[in-house]
Amino acid sequence: MPKPRDRSELTVPSRTEALARVREFVRAQALRSGFSEDQVDQIVIAVDEACTNIIKHAYGGDASQRIRIRVEAHSDRLEIVLLDRGKMFDEAAYQEPDLAALIRTGHRGGLGLMLMRRLMDAVRYEHRNGTNMVRLIKYHRCTPP
């Protein structure tokens, strides 16, 4: 796999107050990589959702933990890698929510992964050696090669 042409990292505490800093960091990197404002907004929302999931689910609200964000700019895409050492996500057990049922019941939440998948070209998850890694990918073209 070719190395990125640019790579930046940020580590933040696992607190919702840190999300503004994450959004600013990701926005700056995406703009520098040449994405349109609409694409940048999509990327920022997806990263915000992923970090929120880490805070709520992986760390269970434990603000003493850390989230590492790595942004890799490639010639054809931007990859945002989120790393945490929280609870493992069981991707096999995930079922996309029924939007109509959520609306009927007034239930809030549960849309993060679905939203990430719709806003990004690819969302990949893996767990290795006690570390969770979420990789969010957005291509410069409309469709991945």
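**Exercise 1.** Across which strands does helix α1 lie, and at about what angle to β1 does it run?

*Solution.* Before we start: this is a predicted model, where local features need pLDDT of at least 70, side-chain atom pairs count only at pLDDT 80 or more, and totals for chains, interfaces and linings use all residues. Numbering starts from 1 along each chain as its sequence is written, and side-chain values use heavy atoms, leaving out hydrogens and water.

Step 1: find helix α1 at residues 19-32 (helices are DSSP runs of H or I, at least four residues; strands are runs of E, at least two; both are numbered from the N terminus).
Step 2: look at what lies under it. Helix α1 lies across β1, β2 (66-73) and β3 (77-84).
Step 3: get the angle. Helix α1 runs at about 175 degrees to β1 (axes are lines fitted to C-alpha atoms, for helices over the stretch in contact, meaning heavy atoms within 4.5 Å; angles run from 0 to 180 degrees between N-to-C directions).
Step 4: add helix α2 (residues 37-58), which packs on the sheet and touches β2, β3 and β5. Its direction makes about 10 degrees with that of β3.

**Exercise 2.** What is the strand order in the sheet, and which strands stand at the edges?

*Solution.* Step 1: trace the open sheet of 5 strands: β1-β2-β3-β5-β4, with antiparallel pairing (two strands pair if DSSP finds at least two bridges between them).
Step 2: check the ends. β1 (6-13) and β4 (122-128) each have a single partner strand, so one side of each has no neighbour in the sheet.
Step 3: zoom in on β4, which pairs with β5 (residues 131-139) over 7 bridges. Here Glu126 stands opposite Met133 in β5.
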